[in-house]
Amino acid sequence: MGKLITKRGWETVIFLDDAGEMTSRICTKCKELKLASDFGSNKGLAYNKRSDCKACHNVTFRQATSIQNGKRRAKMNGLPSDMTQLVREKIKKRQGNKCILSGETECLTTEHVIPLSWGTGFGDTYGNVVFMSKRLNSSKGKKNIFTWIKGQPDQYQANFHNALVPTLAARNDMSVEEYEVFVNECYSNRK
Ligand SMILES: [Zn+2]
């Protein structure tokens, strides 16, 4: 029989074989029991393995890459970025982990309501980001969202006026009317 190592109550659970090699452990992120081979190598860490499994590590890596892409695109267009994974998670949670327009729960992407490519507006910030289905994010693209929404189903239009616009207006200390005027001005002044 091997050995079981626990630390800090049950937060760290590692199973070792008789030779003292790790056979499996509980991932510190997803809390699932996984085989040693499901953890990436990292010399210098306990048992030369990361404490989060490969699947969790890949998600973290993708999120970090996506944040970096947003920052790079904002900078390229002379716009600010204050985005972090925590801010993204807060935005997503406040939307109930759903697309703000369609209510879809799959394939959600960060949508910059005022496109970064316009080179004007709020950039990659809390005041300009919502979560939207990839499908709608692609459809909207670089268009003015106030024009684009008119071609969308009634339910999406209702969510646009009742949720998306008031949310972003509030985040920027604007009335909904001021927000619409601002977006339209950004559109007129786009690069
Ligand atoms: Zn995991």
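What geometry do the four donor atoms give the site of the zinc ion? Before I answer, please keep in mind that what we are looking at is a predicted model. With angles of 101 to 122 degrees among the four donor atoms, the site of the zinc ion comes out as tetrahedral. For comparison, the ideal angle for four tetrahedral donors is 109.5 degrees.

Let me name the donors, since you can find them on the screen as I go. The zinc ion is coordinated by the SG atoms of C27, C30, C53 and C56, at 2.3 Å, and along the chain these donors follow the spacing C-x2-C-x22-C-x2-C. C30 sits in the loop between β3, residues 22-26, and β4, residues 33-35, while C56 belongs to helix α1, residues 54-76, so this pair ties together parts that are 26 residues apart in sequence. The surroundings of these two cysteines can also be described by their accessibility: C30 is partly exposed, with a relative accessible area of 27%, whereas C56 is buried, with a relative accessible area of 14%.

From the zinc site I would like to move to the strands, beginning with β2, which covers residues 12-16 and is mostly covered, four of its five residues being buried. Strands β2 and β3 run antiparallel and are joined by three bridges, and L16 stands opposite M22 in β3. Together β2 and β3 form a hairpin with five residues between them, and in the turn G20 has a positive phi of about 85 degrees.

Staying with β3, we come to R25, which is found in that strand. Which side chain of opposite charge is nearest to R25, and how far away is it? That side chain is D52, at 8.4 Å, and R25, although buried, has no salt bridge; a salt bridge here would need a side-chain nitrogen of Lys or Arg within 4 Å of a carboxyl oxygen of Asp or Glu. Leaving aside residues up to four places away in sequence, R25 touches T12, V13 and I14, and also E32, L33, K34, F39 and S51.

Finally, I turn to a residue further along the chain, K90, which lies in helix α2, residues 85-94. At 37% relative accessibility, K90 counts as partly exposed. K90 and Y126 are 36 residues apart in sequence, and their C-alpha atoms are 9.6 Å apart in space.

To return to the opening question, the site of the zinc ion is tetrahedral, and its donors are C27, C30, C53 and C56.

Notes
Residues numbered from 1 in each chain as written. Predicted model: local features only at pLDDT ≥ 70, side-chain atom pairs only at ≥ 80, totals over all residues. Heavy atoms only, no water. Donors = N, O, S within 2.8 Å, 3.2 Å for Na, K, Ca; no water. Tetrahedral: all angles 85-135°; square planar, octahedral: opposite > 155°, others 65-115°. Helix = DSSP H or I, 4+ residues; strand = E, 2+ residues; numbered from the N terminus. Buried < 20%, exposed > 50% of the residue type's maximum accessible area, 1.4 Å probe, protein only. Pairing = 2+ DSSP bridges. Lys, Arg positive; Asp, Glu negative; His and termini not counted. Contact = heavy atoms within 4.5 Å.
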